[in-house]
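Biologist: I am new to this one, so could you walk me through it? Let's begin with how far the coordinates can be trusted.

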Amino acid sequence: MPTAIDLLFRIRLAWMQTAAARLAKGESMRDTVSRELSRFYDLLTEAVATGDPAWMEPFLQGWLDSQATSEVTSEEADQPPSVVPVLHALREVTLQTCHENLASDDAVQLFLSLDPVFSHAIEYLSREEVKEGISTVTFRMNELQSALERLDKSKSNFIAVAAHELKTPLTLIEGYSNMMNDLLNVEDPRGQTMLSGIANGTRRLKEIIDDMIDVSMIDNNMLSLHFQPVWLKQLLTLASAELQEAVDDRNQKLEIQAFEGLEDMTYADPERMLQAILNVLRNAVKYTPDGGKINVDGRRLPGFLELRVSDTGIGIAPEDQVRIFEKFGRLGDPSTHSSGKTKFMGGGPGLGLPIAKGILEAHGGAIWVESDGYDEEMYPGSTFHLMIPMRESAPEDKAVRLLEAMDDPFSD
Ligand code: ADP
């Protein structure tokens, strides 16, 4: 009875010819393929002789490595080419050669000794390819993430530079229009309308530029806070006084409920905290129809005061409830919005909420929104939750910087 090794020698030539015909596409490849096949066959024989299928592994790894290098050069390939199908083809060739060249008992005996080697090799290659695939994907994701970070950095640098450049000429316009107002003593009502038009336009533009500067400071980890004793109740009173005219114009109701903790003191930057609260309240006015209601209440939680600002406005779709806190995350088509800070759905640049979020997070707090969805007819409303940390003293580092210290944003 011949051994598996005898049988392997016997069919070697037939195997080589069938395999080369199956794998070598074109004459030019034939020599290289034949060399590889011959080496493969030697190792196959070795694996059967020793009973250890791991003999094939270094050779298979060589195949994988050569595939990986060819994959790097073909940028457009979505999927790295796999060598597993080559092994399947060789297994079929082996079955076919055994069948065509050996008596059936011998063919079965040989194939039974070869099959575990093929199974092991296929399993090994599949595992290594998955590993290779994961590391390629991770590498590409990291590349993509760095590209996005660079893009985001240049965007916020652009905002910072543009904002500062715009501010200088704007200050000149503002100064001269104030001087015209004071010195020229314009009696003509048309002249007065024009001057107040310039003053309003300049004020609005200045607010937008200040928002752009704030958002770029937040982005670049440069927002510094000046902690002082703060009473939330006072801030809410100031905010509601500031919005009272708009609320009356829109025939809305703004109510601040008494709740436990409202009168407590904490340490915060009062100006920044007021700015954050105002941004949220102003949106509540803006996105609530005439006659609607804005309600402010809250509760004390361990270490925090939770402020809830609810409105009876258009609401926010679940898929937008995170996006609105990203800079320029305003929703809807800008061209269809009216403009104005508190007009119903008056357009804005989409910086109010990112600034509120930046300010709260710089204090160690948080902000999020809940809403049953967006509906301009049913007005499901929205509730913004503001978590304000309650402190008994100012944090160590008085000029608390947003997030952890990061690279200098302007360094490249
Ligand atoms: P802006 O108001 O300048 O567009 P914001 O950053 O303040 O920018 O708000 C981002 C977006 O979030 C708004 O464009 C609006 O679509 C949505 N939004 C904010 N507050 C409310 C609210 N109370 N009700 C409904 N939508 C809101």
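Modeller: Happily! This is a predicted model, and over residues 71-77 the pLDDT stays under 50. That stretch has five contacts beyond four places in sequence. Where pLDDT is low, the predicted coordinates should not be read in detail.

Biologist: Which other stretch has a pLDDT below 50, and how many contacts does it have beyond near neighbours in sequence?

Modeller: The pLDDT is also below 50 over residues 401-412. For the chain as a whole, the average is 86, and 90% of the residues score at least 70. Beyond near neighbours in sequence, the stretch 401-412 has this many contacts in the model: 25.

Biologist: Thanks! Which strands stand at the edges of the five-stranded sheet?

Modeller: The sheet is open, with mixed pairing and the order β2-β4-β5-β7-β6. An edge strand here has a single partner, so one of its sides is left without a neighbour in the sheet. That description fits β2 (253-256) and β6 (366-371).

Biologist: And in β7, which residue is the bridge partner of L307?

Modeller: Strands β5 (residues 304-311) and β7 (residues 382-389) run antiparallel and are joined by seven bridges. In β7, the partner of L307 is L386.

Biologist: Now the ligand: how much of its area does the protein bury?

Modeller: One oxygen atom of the ligand is 2.8 Å from a polar backbone atom of L353, and a nitrogen atom lies 3.5 Å from a polar side-chain atom of S382. Taken alone, the ligand exposes 530 Å². Of that area, the protein buries 96%.

Note on methods
Residues numbered from 1 in each chain as written. Predicted model: local features only at pLDDT ≥ 70, side-chain atom pairs only at ≥ 80, totals over all residues. Heavy atoms only, no water. pLDDT = per-residue confidence, 0-100. Contact = heavy atoms within 4.5 Å. Pairing = 2+ DSSP bridges. Helix = DSSP H or I, 4+ residues; strand = E, 2+ residues; numbered from the N terminus. Polar contact = N/O pair within 3.5 Å; in protein donor to acceptor, adjacent residues only side chain to side chain. Areas by Shrake-Rupley, 256 points an atom, 1.4 Å probe, with all protein chains shown as cover.
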